[in-house]
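Trainee: Could we go through this structure together? I should like to ask about one part at a time.

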Number of protein chains: 2
Amino acid sequence: MIQPRLRTIPEATVARLAVYLRVLAGFADGGRTTVSSGELASAAGVNPAGLRKDLSHLGSCGVRGVGYDVRALRERIARVLGAEQSRACVLVGLGNLGTALADYAGFGSRGFRFTGLFDAAPDRVGERIGGLTVQPMTELEATVTGTGVSIGVIATPAEVAQQICERLTAAGVRSILNFAPVTLTAPAGVDVRQVDLSVELQVLAFLGQQRAVPAGEVSA
Amino acid sequence: MIQPRLRTIPEATVARLAVYLRVLAGFADGGRTTVSSGELASAAGVNPAGLRKDLSHLGSCGVRGVGYDVRALRERIARVLGAEQSRACVLVGLGNLGTALADYAGFGSRGFRFTGLFDAAPDRVGERIGGLTVQPMTELEATVTGTGVSIGVIATPAEVAQQICERLTAAGVRSILNFAPVTLTAPAGVDVRQVDLSVELQVLAFLGQQRAVPAGEVSA
DNA sequence: GGATGTGAAGTGATTCACAGCC
DNA sequence: GGCTGTGAATCACTTCACATCC
């Protein structure tokens with residue numbers, strides 16, 4: 001008997017649900033109580049039909065002829081994404097990027113909570129960022145096992161990222177978000193996502209130059 | 001007569017080409033002169049067949065039975081992505097994230113060059129970051145028109161991002177990369193790409209929790 | 001009337017499998 | 001023998017169109 005993969009939500013949809021959550025927060029702050037798929041879609045920069053299909057994955061939540069209740073929809077999405085429970089994360093590498101991540105308010109409101117910040121540079125250790133104190137690398141394993149960390153974020157230079165990845169997985173972390181420009185290898189069962197800040201820029205530039213020469217030649 | 005969209009490369013492929021470029025640089029530094037699709041694919045974290053299909057979009061460049069010439073492939077990809085010409089960019093917003101972007105060495109090696117850094121805070125103006133001096137916002141338009149900027153990068157707080165977007169487009173910028181957590185609206189003909197750092201984290205967390213409860217119930 | 005929810009069609013991307021070439 | 005290049009098949013996602021319900 002094959003389990004027909006019920007209760008699965010496409011990854012592309014999950015990514016957009018996170019965006020809807022942010023947009024809904026804005027509508028709620030603005031005092032709106034209901035919103036239509038058209039309004040929500042335009043504020044999120046997506047197609048209305050696609051938005052409705054996305055929402056259909058979490059079970060019908062709107063009222064035909066009216067729209068969606070802002071508060072109810074927000075809670076529904078937050079529950080599905082797990083944003084109502086607080087998940088512990090550690091962040092390794094507090095250069096400018098790491099510091100930006102540690103400071104970013106968006107994580108807290110989405111159910112993420114840093115329980116440890118780590119850096120190898122002695123002069124960074126002890127610094128306070130976003131309400132936490134930067135710890136030396138030697139404390140990494142103790143914090144991971146001690147605070148039930150489920151996610152590790154790597155924002156170190158490329159050279160040490162693989163080694164950090166290994167320490168995190170050895171300590172029990174099963175999900176890793178990597179901002180260092182190297183492809184990490186991790187044991188099966190560990191989920192690694194790679195974010196390369198320059199890739200988006202490269203795609204943007206390519207689309208721009210392609211638009212400039214719509215069906216043109218390649219320069220010889 | 002319908003133009004059959006020749007000379008078009010899928011967006012997903014473009015994003016991966018940027019990754020291959022980085023990986024090839026590593027192989028070249030390591031003294032490798034040829035590389036197979038299998039090696040390259042595993043170093044880039046993709047499927048070998050997919051890599052070959054990606055490369056096929058730029059015309060055959062490998063040797064059957066042997067592999068790819070590292071240097072030739074690198075040049076080929078760089079040319080297609082436009083990375084051999086230097087493209088001027090401006091960066092607005094020099095908080096931690098903006099500073100990280102300004103400092104990031106990966107941009108220069110990929111054909112991007114910042115010609116202006118701008119911040120609204122008077123105490124940041126004058127600071128030197130990555131070889132440039134931070135300028136006041138009043139100078140934005142002059143730099144954009146004066147240095148032929150093709151790409152604008154926004155790393156400001158969410159509240160002012162839309163306004164910056166308008167100033168950039170009014171000054172003639174046609175491609176914008178936005179790191180602020182708001183959906184920007186721009187006139188037709190302007191390409192805006194949105195990067196939300198917390199979305200990746202949210203997707204990662206979702207996949208992790210989904211794996212923990214493979215075909216399970218929703219908590220009541 | 002108006003907006004949701006969803007099967008069906010369409011599009012795009014990934015993977016497979018193998019022919020072609022060194 | 002080994003590895004590339006690519007049609008064919010599969011899979012995933014998007015868009016459309018409309019039945020459904022308030």
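Trainee: Which residues come nearest to DNA strand D?

Mentor: Please keep in mind that this is a predicted model. Of the 25 residues around DNA strand D, the nearest are A:Arg16, A:Arg64, B:Ser37, B:Ser60 and B:Tyr68. Of the atoms of DNA strand D that come within 4 Å of the protein, 60% belong to sugar and phosphate.

Trainee: What does B:Ser37 approach on DNA strand D?

Mentor: A polar backbone atom of B:Ser37 is 2.6 Å from a phosphate oxygen of the strand. B:Gly62 also has a polar backbone atom placed 2.9 Å from a phosphate oxygen of DNA strand D.

Trainee: And which part of DNA strand D does the side chain of B:Arg52 reach?

Mentor: An N or O atom in the side chain of B:Arg52 is 2.8 Å from a base nitrogen of DNA strand D.

Trainee: Which elements supply at least two residues each to the surface near DNA strand D?

Mentor: From chain A they are α1 (11-29) and α3 (48-56), and from chain B they are α3 (48-56), β2 (62-63) and β3 (67-69). The largest share, 4 residues, comes from α3(A). Sorted by class, this surface has 8 nonpolar, 9 polar and 8 charged residues.

Trainee: Let us turn to the other strand. How many residues surround DNA strand C?

Mentor: There are 24 residues around DNA strand C, and the closest are A:Ser37, A:Ser60, A:Gly62, A:Tyr68 and B:Arg16. Sugar and phosphate make up 63% of the atoms of DNA strand C that come within 4 Å of the protein.

Trainee: What does B:Arg16 approach there?

Mentor: A polar side-chain atom of B:Arg16 lies 2.8 Å from a phosphate oxygen of DNA strand C. In B:Arg64, an N or O atom of the side chain is 3.3 Å from a base nitrogen of DNA strand C. The backbone of A:Gly65 places an N or O atom 3.3 Å from a sugar or linking oxygen of DNA strand C.

Trainee: Which elements give two or more residues to the surface near DNA strand C?

Mentor: Chain A contributes through α3, β2 (62-63) and β3 (67-69), and chain B through α1 (11-29) and α3. Here the largest share, 4 residues, comes from α3(B). By class, the surface near DNA strand C has 7 nonpolar, 9 polar and 8 charged residues.

Trainee: Now a change of topic. How is chain A divided into domains?

Mentor: Domain 1 covers 11-81 and domain 2 covers 87-199. The centres of these two domains of chain A, taken over C-alpha atoms, are 31 Å apart.

Trainee: Where is A:Gln85 found?

Mentor: A:Gln85 is in the loop between α4 (70-81) and β4 (87-92) of chain A. Beyond its neighbours within four places in sequence, A:Gln85 is in contact with A:Gly111 and B:Gln209. The C-alpha atoms of A:Gln85 and A:Arg110 are 8.9 Å apart, although 25 residues separate the two along the chain.

Trainee: Why does A:Gln85 count as partly exposed?

Mentor: A:Gln85 counts as partly exposed because its relative accessibility is 46%, and that class lies between the cut-offs of 20% and 50%.

Trainee: Finally, which residues touch the most other members of the largest nonpolar core?

Mentor: That core has 46 residues, and the ones touching the most other members are A:Leu91, A:Leu101, A:Val153, B:Leu91, B:Leu101 and B:Val153. Leaving aside neighbours within four places in sequence, B:Leu101 is in contact with several residues, among them A:Leu197, B:Leu91, B:Phe107 and B:Val153. In soluble globular proteins, nonpolar side chains tend to be buried together.

Note on methods:
Residues are numbered from 1 along each chain as its sequence is written. Chains are lettered from A and ligands numbered from 1 in the order in which they are written. This is a predicted model: local features need pLDDT of at least 70, side-chain atom pairs count only at pLDDT 80 or more; totals for chains, interfaces and linings use all residues. Side-chain values use heavy atoms; hydrogens and water are left out. Buried means under 20% relative accessible area, exposed over 50%, partly exposed in between (1.4 Å probe, protein chains only). Contact means heavy atoms within 4.5 Å. Domain bounds come from an automatic or database domain assignment. A residue is near a molecule or strand if one of its heavy atoms lies within 4 Å of it. A polar contact is a pair of N or O atoms within 3.5 Å; within protein, one must be able to donate a hydrogen and the other to accept it, and residues adjacent in sequence count only if both atoms are side-chain atoms. Ala, Val, Leu, Ile, Met, Phe, Trp, Tyr, Cys and Pro count as nonpolar, Asp, Glu, Lys and Arg as charged, and the others, Gly among them, as polar. A nonpolar core is a set of buried Ala, Val, Leu, Ile, Met, Phe, Trp, Tyr and Cys residues joined through side-chain atoms within 4.5 Å.
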